[in-house]
Amino acid sequence: MPETSPSLPSWLNRGMADLFPAGDPSDVDQSLAARLAAAEAEGRPLRVKLGIDPTGSNIHLGHSILFRKLRAFQDAGHTAVLIIGDFTARIGDPTGKSATRVQLSKNDVAVNASTYLRQLGQDQPKATALLDFETPGRLEVRYNSEWLEGMDLPAVIGLLGTGTVGQMLAKEDFSNRYSSGTPIALHEFLYPLLQGYDSVAVNADVELGGTDQKFNVAMGRDLQRHFGRGTQFGLLLPILVGLDGAQKMSKTLGNTVGLEDDPLSMYSKLEKVGDTAINDYVTLLTDLNVEALPENPREKQKAMALAVTATRHGMDAAAKAQLDAGNLVGGAGDASADVPEASLLAVNFPAKAFYLMSAVGICASSSEARRQIKGGAARLDGEKITDPNQEFAAAADLDGKVLQVGKKTFRRLTV
């Protein structure tokens, strides 16, 4: 992470990977600190943009880094402008993609958008919500179809005229695909321009993005200048490493922690994060002081897992999850533990162990269940399951018992 600016507040500096421009400290168009000071003197909040394309249905902790920073701006009295890219999602952001994305239908995007807002805290108390939906003036939720869907062909041609093919091919993803002969559809070039135009439409002072979004954020600044508007600052945050400690958190890679994970699942996953990633998790997902954490790596893991779980579920639920995880991993099979339930109603008995684990959803397939059992990762009420073909006669024999895979996944079986 870069050296922090002494003129910016600590809540803004925390976790920041890049801020641009960073020029004359007295110029409101070159210094965010100067823009903040001017806004305070004028008694107006900054407008802080974050755009999300609802191309999926789940938000994970890796995504939450940007929303936490947006919430920090809200808590400091500024206006979060959350743009739901219901129009741009139909194209799909080409960033990080090695092929043209499948275009989504309008209905798919609408369904995904509603689940995103729920996960961000809509109709929830702000104490545990990721964003503050309650305080008047702190949040605008906008859909970019408002200004993009009605754009006529002359306007689209005018927008295309603000960029060049050279600019687009300078974008790493396009460059790699062009060099390798992988097709680039013409509509993909529109994506950076359309999402950049969002900044014009909402008069953004600041845009938040991941470090992989610099091209898109800079495009918004260029378009604001082209249309004679005040220009935004780009504030970029790091990409969170996933549970594997190696690659970015991604549902495709199966190394995520979901915002809607129950407390026990969330805590149990986070408690196993690798030593090298703990400090980043603390900095980006909590308000804890890294320097104040225990030096012992295991205790540091537990402190981080507790804090992150508490931000989503409250400290009481997080502390209960920590206690339950310790008992369950220790083989206690604690009947009082708050463990997510898995119904046995769809299981055909008698059932072999590998089939049972797949049928209740604790493993994605029977073959995965066999691998987990043979690898010694499967337990029932703390007792290791050693034979994939071990047979269970009836659902009543399993009712209330805890089925476990590894040290992170637990399900209480119910009838």
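**Exercise 1. Classify Glu140 and trace its partners.**

Start with exposure: glutamate 140 has a relative accessible area of 24%. Partly exposed covers the range between the 20% and 50% cut-offs, so glutamate 140 is partly exposed. Keep in mind that this is a predicted model.

Next, find the partners. Arginine 47 forms a salt bridge with glutamate 140, with 2.8 Å between the closest N and O atoms. Now place both residues. Arginine 47 sits in strand β2 (residues 47-52) and glutamate 140 in strand β4 (residues 139-143), so the pair ties together parts 93 residues apart in sequence.

Glutamate 140 also meets arginine 142 in a salt bridge, at 3.5 Å from N to O.

**Exercise 2. Follow the charges on from Arg142.**

Arginine 142 forms a salt bridge with glutamate 146, the closest N and O atoms lying 3.2 Å apart. Check the exposure of glutamate 146: its relative accessibility is 47%, which counts as partly exposed.

Then look at a network. Asp29, Arg35, Glu42, Arg44 and Asp205 are joined into one network by salt bridges that share partners. Finish with the total: the structure holds 20 salt bridges.

**Exercise 3. Lay out the five-strand sheet and name its edges.**

Write down the order: β7-β13-β12-β9-β10, an open sheet with mixed pairing. Now take the ends. β7 (341-343) and β10 (383-384) each have a single partner strand, so one side of each lacks a neighbour in the sheet. These two are the edges.

Zoom in on one pair. Strand β9 (residues 378-380) and strand β12 (residues 402-405) run antiparallel and are joined by three bridges. Last step: arginine 379 stands opposite glutamine 404 in β12.

Definitions and conventions: Residues are numbered from 1 along each chain as its sequence is written. This is a predicted model: local features need pLDDT of at least 70, side-chain atom pairs count only at pLDDT 80 or more; totals for chains, interfaces and linings use all residues. Side-chain values use heavy atoms; hydrogens and water are left out. A salt bridge is a side-chain nitrogen of Lys or Arg within 4 Å of a carboxyl oxygen of Asp or Glu. Helices (H or I, at least four residues) and strands (E, at least two) are DSSP runs, numbered from the N terminus. Buried means under 20% relative accessible area, exposed over 50%, partly exposed in between (1.4 Å probe, protein chains only). Two strands pair if DSSP finds at least two bridges between them.
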